[in-house]
Amino acid sequence: MKFLRLTEYFEQLEATTKRLEMFNILAELFREASPKEIDKIIYLSQGQLLPPFKGIEIGMSEKLLIRAISDATGTTTKRVEDIFKQAGDLGKVAEELVKGKGGGVSTDKVYEELMDIAQTSGAGSVEKKIGLLSNLFNGVSSREAKYIARFVIGRLRLGIGDPTVLEALALAQGDRALRPELERAYNLCSDLGLVAKTLLDKGMEGIKKFRIHVGYPIRMALCERLPSSEEIITKIGKAAVEAKYDGFRCQIHKEKAKVEIFSRNLERTTHMFPEITEAARNYLAVKTTIFEGEALAYNEATGELFPFQVTIQRKRKHGIEELAKEYPLKFFAFELLYADGKDYTEKPYIERRGKLEAIIKKNPVIEPAEMFVTDNPKKIYEYFEEAIERGLEGVVAKRLDAPYAAGARNFNWIKLKRSYRGELADTIDVCIVGYFRGKGARARFGVGALLGAVYDEETDTFKTVSKVGSGFTEDEFVQLKKILDEIALTHKHPRVDSVMESDVWIEPRYVVTVTADEITRSPSHTAGRDREGIGYALRFPRAIGFLRTDKKPEDANSVKEVIEMFEQQKKVKVS
Ligand code: ATP
């Protein structure tokens, strides 16, 4: 496909405000793509060169882009900057200044050149990157230049989430019912390009046979919640009860001496955990394996866990080795997903656990998570109380006969956390879809409240549940304004469902954790709306912490969960 053709699709996608239309445009694009290029087309449409876990970045700032536009068009950087000041979008600047006939280059070629730019590193790389990009601009038309410019600085903003791609892939095959199969493959590799390529190369047969690839993160299983240990046992019967550690969730992939670690958000975080990488290399009785657990700072001398504030210091680029000496981490392994050619995700919990314990050799870093099996709610409760006392977050109960449900949140795992009076039993993660400018003193910061939405898995949309105006410091409001304005839109995003009109709409990209007093029924929000138009809302919501950079929009809590929490809250009240 010619790159010009792809940009025609981008233009259509940008113009639409309707979700179904968005699916149809994408489906048409996928039908037109060849097996050789479908992966690249998907990556580019999502504003990336490879899935995030590959950790590839273009590494170009606005400043470098301005220089490349200037070099390519013989315009002074001063003039490029002036036009930028007026237009506010470097895409438009490139569109105005790049005047080539273009249209001749293929998507493959553009992708290859962008990849070259990304892979240029080391001494003199800045100049080389500018040179490569300016060359690329020289061979393209205004419209192509507009999208290339936006792409290189991460401002493509088409807002195409992974579920949207899956839906459109199924539609392109002419059958929406194929989505669950495609989703299964995606859950096993987290790479939509690979899934689409397999589909076009080998058809649905290939998708049905799709297996785990070591080195490609498996989308992580998550917990449902219940308010008491009695309800847990009623729901799943005899269960394995594990400590809920509050650290970094890690999925470790080991293939002989090669070890990679992925975060909850499926980003490659190997560099953060040198001691765990080393232990995985040396103390496992298997050649190839994928397993999961929680990494956290642990005080060897006292046998106590350090609070999360200590563990989180690992989230940095430099000085990791020193930190590893000062606060070494321990890794509590709780799941085995793959071992020497065998897929364990399909095996029942108890078999996975047995094998996990068997493959960990004695060592100072990796050990199996605390676990016991019981059908006695009292035992769970006692352990829960003790766990809280020791600084753990609570417990996770796991169904003994359940498989590892990649990419799913269901009752195979149930968490029990402390609930406080006047507070919801758990926090809610909402995706920001817009903001209000605020009145009075707040108006100073430009942002007075955020419009938060939960995710509706069925329709792949975001439905509003709360206006969040407290919990942020003044400084955070100022930062929010800057960050959110970068992804502001002229209209409500097609995947957002709202009756409230926010002052500024933004692309659904950031998640914040919110606590509230309770969940109420409300006509102002669309989450869980019934026929009378009454949805669910948070009462007295307040943000905890800042943006959750470890969560994607689809990782926000779901409409289904909000309704469940509402039901649970009713139960707690009457008892
Ligand atoms: P939370 O903010 O409560 O961690 P979450 O949406 O990230 O919410 P949950 O599904 O609530 O995730 O809980 C699962 C998380 O708990 C995992 O991602 C993992 O990091 C952590 N965890 C700690 N101990 C365990 C355990 N024994 N088994 C599974 N997950 C555990």
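User: In this predicted model, where does A301 lie?
Analyst: The model is predicted, and what follows rests on its coordinates. A301 has a relative accessible area of 75%, so A301 is exposed. The C-alpha atom of A301 is 47 Å in space from that of P163, a residue 138 positions away in sequence. As for its place in the fold, A301 lies in the loop between strand 5 (288–299) and strand 6 (304–305).

User: Is L356 buried or exposed?
Analyst: L356 is found in helix 17, which spans residues 349–359. Its C-alpha atom is 23 Å from that of G303, and the two residues are 53 apart in sequence. The relative accessible area of L356 is 0%, and because the limit for a buried residue is under 20%, L356 is buried.

User: Which residues are the closest to the ligand?
Analyst: The shell around the ligand holds 17 residues. By class, that shell has 10 charged residues, seven nonpolar residues and no polar ones. Within the shell, the closest residues are C223, E242, R249, E294 and K415.

User: How far is a polar side-chain atom of K417 from an oxygen atom of the ligand?
Analyst: Polar atoms of several residues approach oxygen atoms of the ligand, among them a polar backbone atom of C223 at 2.7 Å. In R249, an N or O atom of the side chain is likewise placed 2.7 Å from an oxygen atom of the ligand. For K417, the partner is a polar side-chain atom, and its distance from an oxygen atom of the ligand is 2.8 Å.

User: What share of the ligand's own accessible area does the protein cover?
Analyst: A polar side-chain atom of K417 lies 2.8 Å from an oxygen atom of the ligand. Taken on its own, the ligand has 600 Å² of accessible area, and the part of this that the protein covers is 91%.

User: Which element gives the largest share of the shell around the ligand?
Analyst: The protein covers 91% of the accessible area that the ligand has on its own. The elements that give two or more residues to the shell are strand 1 (222–225), strand 2 (239–244), strand 11 (394–399) and strand 12 (409–417). The largest share amounts to four residues, and the element that gives it is strand 12.

User: What is the geometry of the ring pair F248 and F273?
Analyst: The structure holds 18 aromatic pairs, and F248 with F273 is one of them. The ring centres are 5.8 Å apart and the planes stand at 65°, which is over the 60 degrees required, so the pair is edge-to-face. The pair links distant parts of the chain, 25 residues apart, with F248 in strand 3 (residues 248–255) and F273 in the loop between strand 4 (258–262) and helix 14 (274–282). Both residues are buried, and the geometry of their pair is edge-to-face.

User: Which residues do ring pairs link into a cluster?
Analyst: The structure holds 18 aromatic pairs. Ring pairs also join up into a cluster, and its members are F445, F472, F477 and F546.

User: Over the face of which residue does K398 lie?
Analyst: Lysines are placed over aromatic rings in this model, and one of them is K467, whose charged end sits over the ring of F436 at 4.3 Å from its centre. K398 is placed 3.9 Å from a ring centre, and the residue whose face it lies over is W413.

User: What is the relative accessible area of D340, a residue with a positive phi?
Analyst: Most residues other than glycine have a negative phi. The phi of D340 is nevertheless positive, near 40°, and D340 is found in the loop between strand 7 (329–339) and strand 8 (342–343). D340 counts as partly exposed, because its relative accessible area is 44%.

User: What is the phi of F540 near?
Analyst: The place of F540 is in the loop between strand 21 (535–539) and strand 22 (542–547). F540 is a residue other than glycine with a positive phi, and the value is near 50°.

User: Which side chain does a polar contact of 2.6 Å join to that of K551?
Analyst: K551 is placed in the loop between strand 22 and helix 20 (559–574). Its relative accessibility is 10%, so K551 counts as buried. The polar contact of 2.6 Å runs between side chains, and the partner of K551 is D429.

Conventions:
Residues are numbered from 1 along each chain as its sequence is written. This is a predicted model: local features need pLDDT of at least 70, side-chain atom pairs count only at pLDDT 80 or more; totals for chains, interfaces and linings use all residues. Side-chain values use heavy atoms; hydrogens and water are left out. Rings of Phe, Tyr and Trp (its six-membered ring) pair if their centres lie within 6.5 Å; planes under 30 degrees apart count as stacked, over 60 as edge-to-face and the rest as tilted. Buried means under 20% relative accessible area, exposed over 50%, partly exposed in between (1.4 Å probe, protein chains only). A charge sits over a ring if NZ of Lys or CZ of Arg is within 6 Å of the ring centre and within 35 degrees of the ring normal. A residue is near a molecule or strand if one of its heavy atoms lies within 4 Å of it. A polar contact is a pair of N or O atoms within 3.5 Å; within protein, one must be able to donate a hydrogen and the other to accept it, and residues adjacent in sequence count only if both atoms are side-chain atoms. Accessible areas come from the Shrake-Rupley method with a 1.4 Å probe; for residues, only the protein chains shown count as cover. Ala, Val, Leu, Ile, Met, Phe, Trp, Tyr, Cys and Pro count as nonpolar, Asp, Glu, Lys and Arg as charged, and the others, Gly among them, as polar.
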